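Hi,

Here is the structure I said I'd pass on. Have a look at it first, and then read my notes below.

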Amino acid sequence: MFLEARHLRTIRAIVESDSLALAAEQLHLTQSALSHQLRAIEEYYGVSLFSRRSRPMQPTPAGRRILQASQHILPLFDALDRDLRQLAGDDTGRLFIALECHSCFSWLLPTLDAYRQQWPNIDTDLSLAHSFDALDALARGLVDVVVSSDPVDNPALVFEPLFEYAVMLMVAPEHRLATEAVITPEMLAEETVITYPVNRQRLDIFRRFLEPAGVEPKATRSSELTVMIAQWVASQRGVAALPAWAVAEELAGGRLVARPLSTEGMSATLYLALRKDEAGLPFVREFVDTARRVSRRTLTGIRSSAAV
């Protein structure tokens, strides 16, 4: 039989991520290797799996059939793999998770739910005590995973990429910048910029946008809570740079408007930081894979509902 489990994973990853590049990253393959795998299936069966003319790529009837099969078959493969690993004694351990990302609960909590179903004997917990020294706590063994968008050069740590996202300027619909096609640094010189309470060098709006242009906002204020930042912005007490998925409900409800920062836009990547000597443990690898899968599926759903 030509088809293998990896082929099913490939089709599923492409459909879920809407991108060959993101699917390749998720599967730890090059984009070239992923394209070759697609062509091999298509040439063997004489069918097309995706429409190349649509963006994002849409599965053909043959592609949808494989996707449908993958939804039934892959959980059986994953359960078998998990059971064998647990029988080998890999079913115990600890995963204490700290957040540097203050707006990640929308996908992190579903990730933990899915992971606990697969690895019920792993002690998982969400630590909120190390939000401002999370990577240091990771290096010292106080936590085991850190959700971060700021990788550091530390040979004892590894940073596994989860997904890339756009950072947008959030303003109230009545704000003077709400109709601007593109936001420039100079436009924020008379604004109050609302941020999370962390060092400026860890805030993209300052490090990558305002400071290179030599612009200082009129004022700043901060809150640890995304919902509070969104409320302040909606009541025109300031503006904030956030990923759209962090305030999807407010955007969908028309309480906020998102504007791009510069003509090129500003993107960032979210990572899971791990200790290097533990990154290869089966239950740790499974958490990384689950986080990638659930976060992309959750965020795709959030983006779709926010666009309605």
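Let's start with Asp 144, which counts as buried because its relative accessibility is 6% (buried means under 20% relative accessible area, exposed over 50%, and partly exposed in between, with a 1.4 Å probe and protein chains only). Before going on, a word on the source: this is a predicted model, where local features need pLDDT of at least 70 and side-chain atom pairs count only at pLDDT 80 or more, while totals for chains, interfaces and linings use all residues. Residues are numbered from 1 along each chain as its sequence is written, and side-chain values use heavy atoms, with hydrogens and water left out.

What does Asp 144 pair with? Arg 94 forms a salt bridge with Asp 144, and their closest N and O atoms are 2.8 Å apart (a salt bridge is a side-chain nitrogen of Lys or Arg within 4 Å of a carboxyl oxygen of Asp or Glu). Arg 94 sits in strand β3 (residues 93-99) and Asp 144 in the loop between α6 (134-139) and β5 (145-148), so the pair ties together parts that are 50 residues apart in sequence. Helices here are DSSP runs of H or I with at least four residues, strands are runs of E with at least two, and both are numbered from the N terminus. Unlike its buried partner, Arg 94 is partly exposed, at 31% relative accessibility.

By that rule, the count comes to 15 salt bridges. Another one joins Glu 100 and Arg 202, with 3.3 Å between the closest N and O atoms. This pair links distant parts of the chain: Glu 100 is in the loop between β3 and α5 (105-118), and Arg 202 is in the loop between β7 and α7, 102 residues apart. Glu 100 is buried at 13% relative accessible area, whereas Arg 202 is partly exposed at 27%.

Helix α7 has a pair of its own: Arg 208 and Asp 204 both lie there, 4 residues apart, about one turn of the helix. Their salt bridge has its closest N and O atoms 3.6 Å apart. Arg 208 is partly exposed at 37% relative accessible area, and Asp 204 is buried at 12%. Salt bridges with shared partners join Glu 100, Asp 150, Arg 202, Asp 204, Arg 207 and Arg 208 into one network.

Arg 202 turns up again at the largest cavity: 22 residues line this cavity, and Arg 202 is among those nearest its centre, along with Ser 149, Tyr 165, Tyr 196 and Leu 203. (On a 1 Å grid over the protein atoms alone, a cavity is a set of points where a 1.4 Å probe fits but cannot get out, and lining residues have an atom within 4 Å of a point.) The structure holds 1 cavity of 30 Å³ or more, and the volume of the largest is about 420 Å³. β6 (157-171), β7 (192-195), α7 (204-210) and β9 (240-243) each give two or more residues to its lining, and β9 gives the most, with 4.

One last spot is in helix α10 (residues 282-307), where Ser 295 is found. Ser 295 is buried, at 0% relative accessibility. Ser 295 and Thr 111 are 184 residues apart in sequence, but 7.1 Å apart in space, C-alpha to C-alpha.

Cheers

How values were computed. On a 1 Å grid over the protein atoms alone, a cavity is a set of points where a 1.4 Å probe fits but cannot get out, and a pocket is an open set with protein on both sides within 12 Å along at least five of seven lines; lining residues have an atom within 4 Å of a point. Grid points are joined across faces, edges and corners, and a volume is the space filled by probe spheres set on the points.
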